[in-house]
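The following exercises are to be worked with the sequence and the structure at hand. Each task is followed by a solution in steps.

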Amino acid sequence: MSRVPSQAEVVIVGGGVVGCSIAYHLTQLGIRDVVLLERKQLTCGTTWHAAGLVGQLRATRNLTELAKYTTDLIYRLEQETGQATGFKQNGSISVALNPERMEELARQASMARNFGLEVDVISTDEIIRRYPYLNPEGMVGGVFLHKDGQCNPVDVTQAYAKGARMKGARILEGVKVQRILQEGGRAIGVVTDEGDIRASTVVIAAGMWSHEFGRRNGANLPLHAAEHFYIVTDHIPGLPGNLPVLRMQDEWAYYKEDAGKILLGSFEPQAKPWGMAGIREDFAFDTLPEDMDQFMPVLEKAARRMPILETVGIQTWFNGPESFTPDDRYLLGETPEVKDLFVACGFNSIGIQSSGGAGKVLAEWIRDRRPPMDLVDVDVRRMNPFQGTRQYLHDRTVETLGLLYKTHWPFYQYTTARGARRTHFHDALKARGAVYGELGGWERPNWFAPPGTAAEYVYSYGKQNWFEHTAAECRATRDTVALYDQSTMTKFMVEGRDALAVLEKISANRIDVPVGKLVYTQWLNEQGGIEADLTVTRTGEQQFMVVSAAATHQRDLAYLRAHVEQAGHCFLSDQTAGIPMLGVMGPNARALLQAASPATDFSNTGFPFGTSQLIEIGYAQVRASRITYVGELGWELYIPGEFAVHVFERLLAAGEAFGLRLAGMHAMNACRMEKAYRHWGDDISIADTPLEAGLGFAVAWDKPQAFLGRDALLRQKEAGVPRKRLLQFRLQDTDRLLYKEEPIWVNGRRCGGITSGMYGHRLEASLGMGYVLADEPITPEWVAAQRFEIEIGWQRYAAHGQLAPFYDPKLERVKG
């Protein structure tokens, strides 16, 4: 007789720590018809051999809140279920062996304190006091996080499982899920070796098996296993049980006291991908062969750092697989390919410390069919299809494991799995000194190295080696004219009798405009949060071109497709790769284009701001749109692919007379910061409304058709001026740079954080944007009366804050 029921509300595939946490949290929400299926035994994949570190600081406030929640939950699980978890809150120390690492740790400490964590920046003497077994040679200082700790991963998993069972969930071991049942593009259940289960929701939490399982069922889940090494020493007499977790990132190592022994693990710079040919059917509680050559450099450094390791024996040499994603962030949420199919996988060695928070938010996401908070950083919709190819995953995994402990440099560029996507102008720009970065697989020119200059990055937390070259590009944008390769921007064509109705429904601004008009708008959710930030150009009575950022390609495509599919006569095509795009920006842009396309009138009368026309450049017909992301007079050119190089050459030739200079993405970022142009995913996201972000001008309150989020925005508008607002900041100190999450102080109190920062070369100032929270409406008068400081690396720096852009606030240059 089959053990599996014929139906359930939710089926979870995978019995590791995350799968069991999801089951637990679903039952806590009252969703008790839950079935978790594990092919062998709970924890048998990677959970059983995890180190069990429980850290709280993550890259964003929300992810940190989830990690804090996990810590609190693990503490109370034992009381709730009676199942021990082995949890102890002994804190953690991260040690710097050079000034740049210390800068990173101090910046992280500032961020941690702003997130509400108890943290101290400590000296070498304090490190040795807390961890007396260390050799202090080379230490610069460190950071101590008081509430970090460690646990027993198997016991924590069993506690989740027991808690889920206590509320009615069924957890079945030894049941293999063969495939996901689908109908009409939706997951409707699973096929197992003991029968079918129909379900309204299916969750893949299958760890390192998730990629292949997802692939077989039409979902792209880019992750790959890598070998992860650690040793456990023999018993060390007198070793204190309350030693903090120790991280020596510059030596690639972490240390954990483990029942009177030391567990020493590593994240070495060059990893060993594993499982390229698939993971065998009976793999459970297995280990991988030892590799002394891979681990010995770590052990040798560790023996010098902790001399006791030179004499103590080694009880266990361990090597086991763990899964890593292309960007070291886990995969969470509903898949864009299959509706009602949710995922939680690819945890990059932080599965234990993420388990509680990830389980909680995914359970709420399943219940509400929307994320409960801003989870953009881990949303599975950020991934591109090519990132699921086996060779790409293998090649990138060589790097991603080690990046966990590598210095997290600003503007860091991956060195592996490069060159996947190239624009039509790639070779021509490279020959002219382009230094490329990567975004979503696209090779994008970030800056241009002059002749005789090394075309490579030299990283630091200060002004990097490209600083002055980018400054020259920005000055050209301001003083003459610059050419930007913007081909990687997302481009969709939306057509059909119902195209206008679809776009009016999802756009906050009015889309029913004359043909040739361009509209800046946001797409919102029902809570008024910003799901996308883009432009819509009406290219025909029933035809529209949607242009958004490169990084949001798959997310925006999924959002738009979901609404197009509900319409009777609306068709969507993705033209991103097929329409190369150049930006001609600067005060000489009009004269250059007039020379390249003499039949077109580029004057303010003939070609007003916010309009789009078909023009001729050489032998090509090109769509030109007068819009800018750099805050200067300019046009974006959309070029048929086969004419791309031809148009590029014509522009270069015409540009010689007007001081044309090639410019990269760093220059564009610097210019948009000066002009206060928002960047989705940093300055605006699903938890920010247009009113809070200063984008109320892009909301058509009176348009005939109601748009998604309108009611929520109206309620916020009626409540008066928001008490959360995005402000622009300018540091008095021009040598310190802002990047992200630096705390904002208002009159001596922490009241927000920087969302993005960049040096503004046209203003010669260090700039940033960030939200400020206040107890009263944030008006221009309120802002002018406050004293602002920005905290960078544990020190506060005076700053000027304002609501308006610092550069061309009246749009005189843009519309001139």
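**Exercise 1. A charge and a ring**

Over the ring of which residue does the charged end of Arg-396 sit, and at what distance from its centre?

Solution. The model is a predicted one. Locate Arg-396 and follow its side chain to the charged end, which sits over the ring of Tyr-414, 3.9 Å from the ring centre. A second case of this kind involves Arg-762, whose charged end sits over the ring of Tyr-807 at 3.8 Å from the centre.

**Exercise 2. Two helices in contact**

Determine how the axes of helix H1 and helix H2 are oriented, and identify the residues that make the contact.

Solution.
Step 1. Helix H1 spans residues 17-28 and helix H2 spans residues 61-81; their axes come within 14 Å and cross at roughly 75°.
Step 2. Angles of 65 to 115 degrees count as roughly perpendicular. H1 and H2 are therefore roughly perpendicular to each other.
Step 3. On the H1 side, Tyr-24, His-25 and Gln-28 make the contact, and on the H2 side Tyr-69, Leu-73, Leu-77 and Glu-80.
Step 4. Sorted by character, the residues of this contact comprise four nonpolar, two polar and one charged.

**Exercise 3. Aromatic pairs**

Classify the ring pair of Phe-295 with Trp-317 and that of Trp-409 with Tyr-461, and place each ring in the chain.

Solution.
Step 1. A pair of aromatic rings is described by the distance of the centres and the angle of the planes. Ring centres within 6.5 Å make a pair, and planes over 60 degrees apart count as edge-to-face. With this rule, the count comes to 31 aromatic pairs.
Step 2. For Phe-295 and Trp-317 the centres are 6.4 Å apart and the planes stand at 85°, an edge-to-face pair.
Step 3. Phe-295 belongs to helix H7 (residues 292-305) and Trp-317 to strand S17 (residues 314-324), so the pair ties together parts 22 residues apart in sequence.
Step 4. Phe-295 counts as buried because its relative accessibility is 2%, whereas Trp-317, at 30%, counts as partly exposed.
Step 5. For Trp-409 and Tyr-461 the centres lie 5.8 Å apart with the planes at 45°, so this pair is tilted.
Step 6. Trp-409 is in the loop between helix H9 (390-403) and helix H10 (426-431), and Tyr-461 is in the loop between strand S21 (442-448) and helix H11 (467-479); the pair links distant parts of the chain, 52 residues apart.
Step 7. The relative accessible area of Trp-409 is 19%, which makes it buried; Tyr-461, at 8%, also counts as buried.

**Exercise 4. A cluster of rings**

Which residues are linked by ring pairs into a cluster that includes Trp-409?

Solution.
Step 1. Beside Trp-409, the cluster contains Phe-411, Tyr-412, Tyr-414, Trp-447, Tyr-457, Tyr-459, Tyr-461, Trp-466 and Tyr-739.
Step 2. One of these residues, Phe-411, is in the loop between H9 and H10. Its phi is near 65°, a positive value in a residue other than glycine.
Step 3. Another of the cluster residues, Trp-447, is touched by Thr-470, which also touches His-666, Ala-667 and His-761, residues up to four places away in sequence not being counted. Thr-470 is in helix H11 and counts as buried because its relative accessibility is 0%.

**Exercise 5. Positive phi at an aspartate**

Where in the chain does Asp-340 lie, and is it buried or exposed?

Solution. Asp-340 is not a glycine, yet its phi is positive, about 65°. Asp-340 lies in the loop between strand S18 (331-334) and strand S19 (341-345). Its relative accessible area is 12%, and Asp-340 is therefore buried.

**Exercise 6. Surroundings of two residues**

List the contacts of Ala-199 and of Val-647, leaving aside residues up to four places away in sequence.

Solution.
Step 1. Ala-199 is in strand S11 (residues 195-204) and, at 8% relative accessibility, counts as buried.
Step 2. The residues touched by Ala-199 are Ala-8, Glu-9, Val-11, Ala-187, Ile-188 and Gly-189, with those up to four places away not counted. Between Ala-199 and Ser-6 the C-alpha to C-alpha distance is 8.8 Å, at 193 residues apart in sequence.
Step 3. Val-647 is in helix H15 (residues 644-655) and counts as buried at 0% relative accessibility.
Step 4. Apart from neighbours within four places in sequence, Val-647 is in contact with Ile-617, Ala-620, Val-622 and Ile-639. Val-647 and Gln-621 are 26 residues apart in sequence, with 9.5 Å from C-alpha to C-alpha.

Technical notes: Residues numbered from 1 in each chain as written. Predicted model: local features only at pLDDT ≥ 70, side-chain atom pairs only at ≥ 80, totals over all residues. Heavy atoms only, no water. Axes fitted to C-alpha atoms, helices over the stretch in contact; angles between N-to-C directions. Helix = DSSP H or I, 4+ residues; strand = E, 2+ residues; numbered from the N terminus. Parallel < 35°, antiparallel > 145°, perpendicular 65-115°, else oblique. Contact = heavy atoms within 4.5 Å. Nonpolar A, V, L, I, M, F, W, Y, C, P; charged D, E, K, R; others polar. Phe/Tyr/Trp six-rings, centres within 6.5 Å; stacked < 30°, edge-to-face > 60°. Buried < 20%, exposed > 50% of the residue type's maximum accessible area, 1.4 Å probe, protein only. Lys NZ or Arg CZ within 6 Å of the ring centre and 35° of its normal.
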